[in-house]
Structures are given as structure tokens and as C-alpha cells.
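Biologist: Hi! Could you walk me through this one, starting with a word I keep tripping over?
Modeller: Happy to, let's put it up.

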Amino acid sequence: MTDPTRHLRSRRFVCAQCRLDPMAIPARDLPAAFVDSARRWRGFVETVLDHPGGADALATRPGSGTWSASEYAGHVRDVLTTTTRQVERILLATDPECDAVDLWAVVESGHYDALCARALMDDLSAAAFDLADLLGPIDAPQLARTGRVAGAPVSVETQVRLALHECRHHLDDARRIVEPARV
Ligand SMILES: [Zn+2]
């Protein structure tokens, strides 16, 4: 479970796994990109659930040390809600210290496998729409505003692009886990 966003911290790149270049997306398209990601997640989950054993496939870890598709979905939902909270805080305060939540630990202790996959998609979609709504009216100076996470400076734009990569990258993870099991 390596951190798929580690490269984003320093420079532009095309992710070797999911092929997304999060820095290449025009800022005006970011809200729609989150909505699109949520739609793709729901489409994937609904397709899996249409097959016998689909719910189990979503909830099963492929091996020790690798999350299940449901755990990745729960993580993406958490990334979206945390990003929204952090962006709201940065927009309202000057260089605020934001919550530094260990979202990986949250999944490890969260029993996300036991969640209803469709309810999880409702939550993920709602979180994506909330973030898209927040980003819709934001202008360039607001995207450049910064806060701190664990003492390190981070801009609204970086937070948002990191979150978008998480959405796309972990959907790719989920597909890789589930699709071989359905063959
Ligand atoms: Zn990626």
C-alpha cells in the first residue's frame, strides 16, 4: 500500500499506474473531474454487484497487506471529505493548521469491508459533489491560498489535485483486485 501521491509533492508527472497527470487538468475542469470520478466508481461497483458473488468480491482483500475494493472506496470517500474540510479551512483563515488525519490508519481500523457497497457509493458521490460545489466558484488566488498539514505548507490547488489522483488511482486499484477474480 505505497502512497500513490508521493510523486505529486514535488513535480508534474504521469502516474505510471493510472496514467493520470493531475497537474495537466485545467483548473476550471476540476469540479467536473470529481463528479466524473464518482460516476466511474459507481459504474464499476454496480457492474460488479450485478454478478453473482459481486458483493463478496468487493469486500475481499486479495492478500494480506492489500486492501479490498470496498476499503479503497471508503478511503476515497475519506480523502474527499477531508479535502473539503481542509479547503474550507484554508479559504476562511490565513495559513491555518489543518487536521493531519492518518487516512490509511482509519481504513485499517474502520471495517470498511462490512459496509454496504451501494451505500458507500452514495457517500462517495455525495462527498465528490460537495467538493465540486466548493470548487466551482473558486478563482486562481483562492486556489493558491495555503495552509499547513502537519506543519508543512500546502496549497488548495495541491490538495485538490492530490485528491483527484487518489480518486482515479484507487479506482484502478479496485479494478485490478476485482476483475481477475470475476474471470
Ligand atoms: Zn495514479
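Modeller: Two strands pair if DSSP finds at least two bridges between them. Keep in mind that this is a predicted model.

Biologist: Cool. Which residue in β2 is the bridge partner of E97?
Modeller: R148 in β2 is the bridge partner of E97. Two bridges join β1 to β2, residues 146-149, and these strands run parallel.

Biologist: And in what order do the strands of the sheet come?
Modeller: The order is β1-β2-β3, in an open sheet of three strands with mixed pairing. β1 (97-98) and β3 (152-155) are the edge strands, each pairing on one side only.

Biologist: Which helix lies across β1 and β2?
Modeller: That's α3, residues 69-92, running at about 130 degrees to β2.

Biologist: New topic, helices! How do α1 and α5 cross?
Modeller: Their axes come within 8 Å and cross at roughly 170 degrees. An angle over 145 counts as roughly antiparallel, so α1 is roughly antiparallel to α5.

Biologist: Which residues make that contact?
Modeller: Among them are F34, W41 and L49 of α1, and M121, F129 and L135 of α5. By class, the contact has 16 nonpolar, two polar and one charged residues.

Biologist: Last one: where is C18?
Modeller: C18 sits in the segment before α1 (30-49).

Biologist: Why is C18 called partly exposed?
Modeller: Because C18 has 19 other C-beta atoms within 10 Å, and buried would take 20 or more.

Biologist: What does C18 touch?
Modeller: Leaving out residues up to four places away in sequence, C18 touches R168, H169 and D172.

Note on methods
Residues are numbered from 1 along each chain as its sequence is written. This is a predicted model: local features need pLDDT of at least 70, side-chain atom pairs count only at pLDDT 80 or more; totals for chains, interfaces and linings use all residues. Helices (H or I, at least four residues) and strands (E, at least two) are DSSP runs, numbered from the N terminus. A residue is buried if 20 or more other C-beta atoms lie within 10 Å of its own, exposed if 12 or fewer, and partly exposed in between; C-beta atoms are placed from the backbone. Two residues are in contact if their C-beta atoms, placed from the backbone, lie within 7 Å. Axes are lines fitted to C-alpha atoms, for helices over the stretch in contact, and angles run from 0 to 180 degrees between N-to-C directions. Angles under 35 degrees count as roughly parallel, over 145 as roughly antiparallel, 65 to 115 as roughly perpendicular and the rest as oblique. Ala, Val, Leu, Ile, Met, Phe, Trp, Tyr, Cys and Pro count as nonpolar, Asp, Glu, Lys and Arg as charged, and the others, Gly among them, as polar.
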